[in-house]
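Let's take a walk through this structure together, one piece at a time. Keep the 3D view open and turn it as you read.

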Amino acid sequence: MMSQNNYTVGVQPRCYALVPAAGIGSRSGAEGPKQYVPLAGRPMMAHTLSALARVPGLAATLVVLAPDDDLFEGAMPEFVGETSWLARCGGASRAETVANGLRELLARGAQPHDWVLVHDAARCLLRPEWVERLITACEADEVGGLLAQPLADTLKASNQGRVASTISRAEKWAAQTPQMFRLGLLMPALAHAGESITDEASAIEALGHSPLLVECSIENFKVTWPEDFALAERLLSTRS
């Protein structure tokens, strides 16, 4: 296992974005992978990648696709250039796709002390300033962190469609992305946690670390359910 402390002294860490985009979005009701569904005149993932391209602190953005993805280049012709990287090495789960992406970053010259910001392709309302806020908050942190939002709704636990109990919302946050961790910590964390985890912070927590929570907007939601598409399109259409 790579130790979190095995970093080259005096070397300024770089920041890479990693966008896992190998899933099919089965909950969305869309025909085909949801990341290619048009929103406000562009494929959903095009909005995501456009926001990341406007973050000044990123060394490169790696998009990880399914091996049989034949849609990306036609849908996103603007994703070109020295800092726009593509790899068709996605796995059967998000964790496997991210782990494969980390190995690809290493193969392309990333180092264990470098930061990786993993971001959902379906969080297409991302703003560059939110990513900059995360980088500023985490770049001196020993663990790293994630964008998130404090919960405002009352939470209910259910049992066969009926309320079983009310859960206190105190100290509860909704996790978002990007989630920013050093490559040399995230890779062994994912290997240790297995493929059932749904975000990178969970893997880091499983090693006994406490990621930093960086407050973000409710607009940074993940397009998941059928009604989310219309909401995301309305919000994107109102942006200048």
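On one side of helix 7, Glu-227, Arg-234 and Ser-237 are exposed. Keep in mind, by the way, that you're looking at a predicted model. Now turn helix 7, which covers residues 226–237, and look for its buried residues: they are Asp-228, Phe-229, Ala-232 and Leu-236. Looking down the axis of helix 7, you'd find these buried residues within an arc of 105°, so they line one face of the helix. What do the buried residues of helix 7 pack against? Their partners are strand 2 (38–39) and helix 1 (44–53).

Helix 7 also holds Pro-226. Is Pro-226 buried, exposed or partly exposed? With a relative accessible area of 47%, Pro-226 is partly exposed, because the buried label needs a value under 20% and the exposed label one over 50%. Pro-226 and Leu-65 are 161 residues apart along the chain, and 22 Å separates their C-alpha atoms.

Leu-65 is a good way into the sheet. In strand 4, Leu-65 is the bridge partner of Ala-21. Strand 1 and strand 4 run parallel, and seven bridges join them. Strand 4 also pairs with strand 5 (residues 84–87), again in the parallel sense, over four bridges. Here Val-63 has Leu-86 of strand 5 as its bridge partner. How many of the eight residues of strand 4 (residues 58–65) are buried? Seven of them are, so this strand is mostly covered.

Now zoom out. Seven strands make up an open sheet, and if you walk across it you meet them in the order 5-4-1-6-10-7-11, with mixed pairing. Strand 5 and strand 11 (212–215) are the edge strands, each pairing on one side only. From one strand to the next, the twist averages 25°. In general, strands of a sheet pair through backbone hydrogen bonds, either parallel or antiparallel. Over by strand 11, you'll find strand 7 (residues 144–150) running parallel to it, with four bridges joining the two. One spot to look for is Gly-145, which stands opposite Leu-212 of strand 11.

Which helices pack on the sheet? Helix 3 does, touching strand 1, strand 4, strand 5, strand 6 (115–118) and strand 10 (173–182). The direction of helix 3 makes about 140° with that of strand 1. Helix 4 (residues 128–138) packs on the sheet too, and the strands it touches are strand 1, strand 4, strand 6, strand 7, strand 10 and strand 11. Its direction makes about 145° with that of strand 11.

Helix 3 (residues 94–107) has a helix partner as well: it packs with helix 5 (residues 183–193) at an angle of about 140°, the two axes being 10 Å apart. Their crossing is left-handed. From helix 3, the contact uses Ala-95, Val-98, Ala-99, Leu-102, Arg-103, Leu-105 and Leu-106, while helix 5 brings Leu-183, Leu-186, Met-187 and Leu-190. Sort the residues of this contact by class and you get 10 nonpolar, no polar and one charged.

Next, have a look at a couple of loop residues. Asp-120 sits in the loop between strand 6 and helix 4. Its relative accessible area is 5%, so Asp-120 is buried. Setting aside neighbours within four places in sequence, Asp-120 is in contact with Thr-48, Arg-94, Thr-177 and Lys-222. Arg-94 is 26 residues away from Asp-120 along the chain, with 9.8 Å between their C-alpha atoms.

Gln-35 is another loop residue, found between strand 1 (15–21) and strand 2. Its relative accessibility is 6%, so Gln-35 counts as buried too. If you leave out residues up to four places away in sequence, Gln-35 touches Ala-21, Ala-22, Gly-23, Pro-43, Met-44, Met-45 and Ala-121.

Finish your tour at a hairpin. Strand 8 (residues 155–159) and strand 9 (residues 162–167) run antiparallel and are joined by five bridges. Lys-156 stands opposite Thr-166 of strand 9. The hairpin has two residues between the strands, and Gln-160 in this hairpin takes a positive phi near 55°.

How values were computed
Residues are numbered from 1 along each chain as its sequence is written. This is a predicted model: local features need pLDDT of at least 70, side-chain atom pairs count only at pLDDT 80 or more; totals for chains, interfaces and linings use all residues. Side-chain values use heavy atoms; hydrogens and water are left out. Buried means under 20% relative accessible area, exposed over 50%, partly exposed in between (1.4 Å probe, protein chains only). The arc is that of the directions from the helix axis to the C-beta atoms. Contact means heavy atoms within 4.5 Å. Axes are lines fitted to C-alpha atoms, for helices over the stretch in contact, and angles run from 0 to 180 degrees between N-to-C directions. A crossing is left-handed if the near helix is turned anticlockwise from the far one by less than a right angle, and right-handed if clockwise. Ala, Val, Leu, Ile, Met, Phe, Trp, Tyr, Cys and Pro count as nonpolar, Asp, Glu, Lys and Arg as charged, and the others, Gly among them, as polar. Two strands pair if DSSP finds at least two bridges between them.
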